[in-house]
Amino acid sequence: MIFITAKFRVRPEHADRWPEIARDFTEATRAEPGCLWYDWSRSLDDPNEYVLVEAFRDDDAGAAHVGSEHFRTAQRELPRYLAETPRIVNAKVDQDGWSELGELAVE
């Protein structure tokens, strides 16, 4: 799978509304057949930063995502709400879902 984590620094005046601002893009991405997950979290240290954790089945699914109309719309619409260009980590991982964190196993 393609595993991606990205940090989005949102302008302070838009930070509380970011989930609503990104809702259409989030929902459209989650509906893509190759999307395994697409989840936002707000930073505990910086209320203006959101972390996106996403995964796509394979290269074809990733290409379909980047080539989609909703991706192009997000490219046009979302930057106005951001304080800086998002930072990203993108990696191919040889698995198709989450593994258990054995060091913190719940009995």
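Which residue is the bridge partner of T5 in β4? That partner is V89, and the sections below place this pair in the wider fold.

## Getting started

This is a predicted model, in which local features need pLDDT of at least 70, side-chain atom pairs count only at pLDDT 80 or more, and totals for chains, interfaces and linings use all residues. Residues are numbered from 1 along each chain as its sequence is written, and side-chain values use heavy atoms, with hydrogens and water left out.

## The overall plan

The protein has four helices and four strands. Helices (H or I, at least four residues) and strands (E, at least two) are DSSP runs, numbered from the N terminus. Following the sequence, you meet them in the pattern β-α-α-β-β-α-α-β.

The C-alpha trace spans about 40 × 35 × 20 Å along its principal axes. Of the 107 residues, 36% count as buried; buried means under 20% relative accessible area, exposed over 50%, and partly exposed in between (1.4 Å probe, protein chains only). Among contacts (heavy atoms within 4.5 Å) between residues at least 6 apart in sequence, 72% join residues at least 24 apart.

## The sheet

The four strands make an open sheet in the order β2-β3-β1-β4, with antiparallel pairing. Two strands pair if DSSP finds at least two bridges between them. At the edges sit β2 (35-42) and β4 (87-92), each pairing on one side only. From one strand to the next, the twist averages 10°. As background, strands of a sheet pair through backbone hydrogen bonds, either parallel or antiparallel.

Let's walk across the sheet. β2 and β3 are joined by seven bridges and form a hairpin with six residues between them; here W37 has A55 in β3 as its bridge partner. β3 pairs with β1 over eight bridges, and F3 stands opposite A55 in β3. Strand β1 (residues 2-9) then pairs with β4 over six bridges, where the bridge partner of F3 is A91.

## Two faces of β1

In a regular strand the side chains alternate between the two faces of the sheet. In β1, the covered face holds I2, I4, A6 and F8, while F3, T5, K7 and R9 make up the uncovered one.

## Helices over the sheet

Two helices are worth finding here. α2 lies across β2 and β3 (49-56), running at about 155° to β2. Helix α3 (residues 59-66) lies across β1, β3 and β4, at about 130° to β3. For these angles, axes are lines fitted to C-alpha atoms, for helices over the stretch in contact, and angles run from 0 to 180 degrees between N-to-C directions.

## Where α2 meets α4

The axes of helix α2 (residues 23-30) and helix α4 (residues 69-77) come within 10 Å and cross at roughly 155°. The two helices are therefore roughly antiparallel to each other, a label for angles over 145 degrees (under 35 is roughly parallel, 65 to 115 roughly perpendicular and the rest oblique).

Which residues meet in this contact? F25, A28 and T29 in α2 meet H70, F71 and A74 in α4.

## A buried histidine

H14 is found in the loop between β1 and α1 (18-21). Is H14 buried or exposed? H14 counts as buried because its relative accessibility is 17%. Leaving aside residues up to four places away in sequence, H14 touches I21 and Y81.
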